[in-house]
Amino acid sequence: MNDNNKRKRIGKKAAALFLAACLLVSGICITPVMKTEAKAPLVICIDPGHGGSNEGALYNGLKEKDLTLQIANAMYQELSLYDGVTVIMTRTADVDLTLAQRAQIAAGAGADFLYSIHLNASPSHNLFGSEVWVSGYGNHYAKGMSFGNIALEQLATDVGVYPRGVKTKLKANGSGDYYGVINHARLLGVTTAIIEHCHMDEAHDNDFYRREGALEKLGKADATAVAKYYGLSSAALGVDYGRYQYVQYPNAKTPKMQDMTDPEVSQIELISYDKSTKKVLLNAKAEDAQSRIIYYSFSADGGLTWSGLYGWMPVGEGYIEFTLPDHATGEICVRVHNEYDRFTESNHIFLS
């Protein structure tokens, strides 16, 4: 089985247990509740990221600013089919907007929630999957985390994107949220979620934004997540999420800082090694008290070179199977990576 198929298989399994794993890591035990109540009429603001001179990520001949507008348009069209909701957009053309202006547009319209639409890229160019960034403060944290988990589960179920987590990030001096649109909107009383749908610079995610109709699927998944969060119904679509239940996070009593530590545990033991096929089977264990383990990579030469990333098991322990590469020395180790892209290297084992 090739790398992409392995990742897709693990991603599908991860979707089913994603929310439970998040709650287990964070120590939250909450009974699922019904929809979040919003003032009537409900006002949703969709913000297509970048625009104008700010092109965003550039890969495969595509510009992020163009893709975000297409996703946002699809989200707008789908969400507009629901009853009792007014949907606005910060931009409908290729124009420059500051982060403060985006927040002001949402606040000026009395928006209940601002959704900032993005695609991702990483300095290492080896990350894949979707993630949601939310505020670390008060009820903005509670609403952001509650929605974000619905959104990632929807993207995983409807599209197949691997969930990287719902996360917060504060400024280094502790003066507010790190991401400008989240911070500006929070100061104006508007809760914001940045939805990073997939990575433009990793081949595993290519189909999620390059395949025909892919961007529309992303936008529709976003709209469905909003509908579930608010318990909306649509006569046009023939759906009613009024009784949809989800886990609602508590308000943050103190600002929720991002995880700045490496995973505490990364251990492996050899289960089997077939010299004829070069197949290695390991039992791997990983633990992180502050955030989920989401990836692993392996080395067959003692850490000199590393494989690509693979999705971690939904639970903290499981089997890793791989074929030794040609350059293998027989010294095996594994790295486990958490949601904040911090990693810990395991013990080393030696094949005989």
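## Salt bridges, stop by stop

Start by selecting E345, which is partly exposed at a relative accessible area of 32%; buried means under 20% relative accessible area, exposed over 50%, and partly exposed lies in between (1.4 Å probe, protein chains only). The model is predicted, so local features need pLDDT of at least 70 and side-chain atom pairs count only at pLDDT 80 or more, while totals for chains, interfaces and linings use all residues. Residues are numbered from 1 along each chain as its sequence is written, and side-chain values use heavy atoms, with hydrogens and water left out.

Add R335 to the selection: its side chain meets that of E345 in a salt bridge, 3.8 Å from N to O. A salt bridge here is a side-chain nitrogen of Lys or Arg within 4 Å of a carboxyl oxygen of Asp or Glu. This pair links distant parts of the chain, 10 residues apart, with R335 in strand β16 (residues 331–338) and E345 in strand β17 (residues 343–345). Strands (E, at least two residues) are DSSP runs, numbered from the N terminus.

Next, select E131, R164, K167 and D341, which are joined into one network by salt bridges that share partners.

Move to R186 and D177. Their closest N and O atoms are 2.8 Å apart, in a salt bridge. R186 counts as buried at 16% relative accessibility, and D177 counts as buried at 1%.

Then select K285 and E287, whose side chains form a salt bridge at 3.7 Å, N to O. K285 is partly exposed at 31% relative accessibility, and E287 is partly exposed at 38%.

To end the tour, display the full set: the count comes to 12 salt bridges.

Terms used. Helix = DSSP H or I, 4+ residues; strand = E, 2+ residues; numbered from the N terminus.
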